[in-house]
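The exercises below are meant to be worked through with the sequence and the model side by side. Try each task on your own before reading its solution.

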Amino acid sequence: MAGEDDRAAAGAAAEEARPPKHKGKHKKDKPWDHEGIEHWKIEPFSKEDNPTGMLEESSFATLFPKYREKYLREVWPAVTRALKEVGVSCELNLVEGSMSVRTTRKTWDPYVIIKARDLIKLLARSVPAPQALKILQDEVQCDIIKIGGLLRNKEKFVKRRQRLIGPNGSTLKALELLTECYILVQGNTVAAMGPYKGLKTARRVVEDAILNVHPIYHIKTLMIKRELAKDPAMAGENWDRWGAWRWC
């Protein structure tokens, strides 16, 4: 017994001698990350920032459905002109039913090929060309939300997708105004275009709508938060209690 007591006492003494654990002890201050920085701001990128151009060629291609062929042939000259301004070449292959984009020697923006890839993806998903060409702007991003695999029952899926659109498209229009995004529901996907914050909100609302959460609850929450943002006194407050849904 005495031996066990000695071991227990030694173990307790070792525990006391061990320095206390500090959570986040490896976390260090970042001098470039301060309170006044705007994390969502997109810094401008000009031709002077990359005067030598690109070293390697990058390309992307995507297929499009047969019913889009006629429309794409009509708008392709406008698409070609818009991409030529940013130094990207494009090709419409009607035999294979594909669109492709690639960088050229005149390309100076390394991210513009990603924008061009998103452009042809949006065109293939029935987004009108004038709207899809806005993706080439720095402040506009896009998100393709796949909703087909979220629900097995086809009848429920169709009803909930229609619930997202609303009568005469009113629910979708309200969502577009509150998120500042363009949203198009097409088949098993939803295409959204807009700022990062709006896209994040739009994805959550769309996925919840298919999972049987009515969009009206999200719309009410967004309207409340929109009014709170206008009040300087509420700018630094926690808004979670205002966004609490009464159905849960």
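**Exercise 1: a residue in a loop**

With 14% relative accessibility, Asn 50 counts as buried, where buried means under 20% relative accessible area, exposed means over 50%, and partly exposed lies in between (1.4 Å probe, protein chains only). The model is a predicted one, in which local features need pLDDT of at least 70, side-chain atom pairs count only at pLDDT 80 or more, and totals for chains, interfaces and linings use all residues. Residues are numbered from 1 along each chain as its sequence is written, and side-chain values use heavy atoms, with hydrogens and water left out.

Task: Find where Asn 50 is placed, and list which residues Asn 50 is in contact with, leaving aside its neighbours within four places in sequence.

Solution. Step one is to place the residue: Asn 50 sits in the loop between α1 (2-17) and β1 (59-63), helices (H or I, at least four residues) and strands (E, at least two) being DSSP runs numbered from the N terminus. Step two is to look for contacts, that is, heavy atoms within 4.5 Å; once neighbours within four places in sequence are set aside, Asn 50 touches Phe 45, Trp 108 and Pro 110. Step three is to look at the polar atoms: a polar atom of the Asn 50 side chain lies 2.8 Å from the backbone oxygen of Trp 108.

**Exercise 2: an aromatic pair**

Task: Determine how Phe 45 and Trp 108 are arranged as an aromatic pair, and in which loops the two residues lie.

Solution. Begin with the rule, by which rings of Phe, Tyr and Trp (its six-membered ring) pair if their centres lie within 6.5 Å, with planes under 30 degrees apart counted as stacked, over 60 as edge-to-face and the rest as tilted. By this rule the count comes to one aromatic pair. That pair is Phe 45 with Trp 108, and it is stacked, at 6.2 Å centre to centre and with 10° between the planes. The pair links distant parts of the chain, since Phe 45 is in the loop between α1 and β1 while Trp 108 is in the loop between β3 and α3, 63 residues apart. Finally, Phe 45 counts as partly exposed, at 33% relative accessibility.

**Exercise 3: two sheets**

Task: Work out in what order the strands β1, β2 and β3 lie in their open sheet, and in what order β4, β5 and β6 lie in theirs.

Solution. Strands of a sheet pair through backbone hydrogen bonds, either parallel or antiparallel; here two strands are said to pair if DSSP finds at least two bridges between them. For the sheet made of β1, β2 and β3, the order is β1-β3-β2 with antiparallel pairing. Its edge strands, each pairing on one side only, are β1 and β2 (88-93). Between β1 and β3 (residues 98-103) there are five bridges, and Ala 61 has Ser 100 in β3 as its bridge partner.

The other sheet has the order β4-β6-β5, and its pairing is antiparallel. Here β4 (141-146) and β5 (182-186) are the edge strands, each pairing on one side only. Six bridges join β4 to β6 (residues 189-194), and Gln 141 stands opposite Gly 194 in β6.

**Exercise 4: positive phi**

Task: For Ser 126 and Asn 168, decide whether each residue is buried or exposed.

Solution. Most residues other than glycine have a negative phi, and most peptide bonds are trans. Ser 126, in the loop between α3 and α4 (129-132), has a positive phi near 70°, and with a relative accessible area of 16% Ser 126 is buried. Asn 168, in the loop between α5 (154-165) and α6 (170-179), has a positive phi near 55°, and at 86% relative accessibility Asn 168 counts as exposed.

**Exercise 5: the whole protein**

Task: State how many helices and strands there are in the protein, and what percentage of its residues is buried.

Solution. The count is eight helices and six strands. Along the sequence they follow the pattern α-β-α-β-β-α-α-β-α-α-β-β-α-α. Of the 248 residues in the protein, 35% are buried.

Notes
A polar contact is a pair of N or O atoms within 3.5 Å; within protein, one must be able to donate a hydrogen and the other to accept it, and residues adjacent in sequence count only if both atoms are side-chain atoms.
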